[in-house]
Amino acid sequence: MKYPLQLSVNGERYDVEVEAHHSLVDVLRNEIGLMGTKVGCEDGRCGTCTVILDGKLVKSCLVLALQANGKEVLTIEGVGTADNLHPIQEAFLDHGAVQCGYCTPAMILATKSLLDENPHPNEEEIRRALKGVLCRCGTYTHVTRAVMSLT
Amino acid sequence: MIDARYFEPTTVDEACQVLSEYGRGAMVVAGGQSAMLRLRSLRLSPQALVNVLNVAGLNGIEVNNGTGLTLGALVTLRDLEKSPLVQQRCPALHEAVSTVSDVQVRNAATIGGHLGTAHPASDILPVLIALNATVTVRSAGGSRTIAVESFIADAFRTTLEPNELITQIDIPPQPARTGSGYARFSIRDGDFPIVGAAAAVTVGEDGVCREARLVLTSVAPTPIRAAAAEQRLVGSTLMGTQTGSLRHNEEVIRAAARLASEEINPVGEVMASADYEKHLVGVLARHALTKAAQRAR
């Protein structure tokens, strides 16, 4: 059975139909076609599905799509574009914090969420705030330096 | 193949009605941090998915009876972490919540959902048990309030009936001069603890321990009390004045921690052998008891 879902993603409104058990990441990728949000572990651990939902950093694979009804989602596509990079994206590129890039959207959103709340975190606070995004390439040191450069 | 109906109740009564109708066929989804995983990993096929995030009246963190705390079931772990009330009145709970997982999980996970999940390595449950917390559940037929210690029946199992909804957790006012603390260890910050220890001690004006509760987590299917350690503490001088300053009695704490280590028999896990877990019980019990004793004023 399908249910209507209305949500705003990166400032644009979408009206879709979903089944009760679909997750938010299902909708972002498969219904709306925004591929920047990744599916990694399907187990709630890797964090590559991370988005900002109504201002809160969450793992979109663990959000029922219908729980996002009427809400605002920010994905990596809403942070910056190739022609108009967000300062966080600039810092990541400047510090070599992108290798395969799979975790990068989530790292950037986690960084944005941190800096929006605390513009001057110390290194421990940065590492703690980004703890929920795993990087198989091991860019943690570079990501941390990139974020420190923004504080 | 999941073919579930979706419900979005806005009141506790509405939610209970759906649960009455669907019983075991209903799956409550609050923060989703456990429910969404179970849905997939256990290949469940619920007939109804009940999103309870819009149920009114379950989001509060309030003082009860002067010094106790009442937590609505939908209070998120992040709310708890950031709450000045919790930091001031329940430092052990603040300590425990701050160690849980990552910010994404804490933003979504609810204290009600956490109770309902009954994870055997929960950081929060042992603190609630050490503080004699209760949980209130509602159903179409009424409500009941149970000690958290009794509510947690087994690993991932509570005494919640299929038609019941967790609505609030109450931490009662603690007796005067009660201090509590939590200590845990994991390989990485945010991992479930290999061992965790929650302690609450009540000390008389004479410095003698009147009550002690020491609860270990991740060493058994449910959080468990270290009864021999607790008994060692009661009646002992826990706080004494030395050179004019109030100092906790290290010797008594060490003796109690050693007893805890002897009486608890973990089975070991991937990250730690049974022996190592036993050793950790002693270390963490000592840390938790020290914090609790220092705060018992």
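**Questions about chain B**

Modeller: B:R213 touches B:I129, B:A130, B:N132, B:E149, B:A198, B:A199, B:A200, B:R225 and B:E230, leaving aside residues up to four places away in sequence. Contact here means heavy atoms within 4.5 Å. The model is predicted: local features need pLDDT of at least 70, side-chain atom pairs count only at pLDDT 80 or more, and totals for chains, interfaces and linings use all residues. Residues are numbered from 1 along each chain as its sequence is written, chains are lettered from A and ligands numbered from 1 in the order in which they are written, and side-chain values use heavy atoms, with hydrogens and water left out.

Biologist: Why is B:R213 called buried?

Modeller: Its relative accessible area is 14%. Buried means under 20%, exposed over 50% and partly exposed in between, with a 1.4 Å probe and protein chains only. Because 14% is under 20%, B:R213 counts as buried.

Biologist: What makes the pair B:R213 and B:E149 a polar contact?

Modeller: Their side chains are joined at 3.2 Å. A polar contact is a pair of N or O atoms within 3.5 Å; within protein, one must be able to donate a hydrogen and the other to accept it, and residues adjacent in sequence count only if both atoms are side-chain atoms. The value of 3.2 Å therefore falls within 3.5 Å. The side chain of B:R213 also reaches the backbone oxygen of B:A130, at 3.3 Å.

Biologist: Why are β6(B) and β7(B) said to pair?

Modeller: Strands β6 (residues 134-139) and β7 (residues 142-147) of chain B share six bridges, in the antiparallel sense. Two strands pair if DSSP finds at least two bridges between them, so six bridges satisfy the rule. B:T134, for instance, stands opposite B:A147 in β7(B). A hairpin through two residues joins β6(B) to β7(B). With β10 (residues 165-171) of chain B, β6(B) has five antiparallel bridges.

Biologist: What makes β4 and β7 of chain B edge strands?

Modeller: The open sheet has five strands in the order β4-β5-β10-β6-β7 (chain B), with antiparallel pairing. β4 (61-64) and β7 each have a single partner strand, so one side of each lacks a neighbour in the sheet.

Biologist: Why is residues 250-263 of chain B called a helix, and what is its span?

Modeller: Helices are DSSP runs (H or I) of at least four residues and strands (E) of at least two, numbered from the N terminus. α11(B) has 14 residues, so it meets the minimum of four. Its span from first C-alpha to last is 20 Å, close to the expected 20 Å; the expected span is 1.5 Å times one less than the number of residues.
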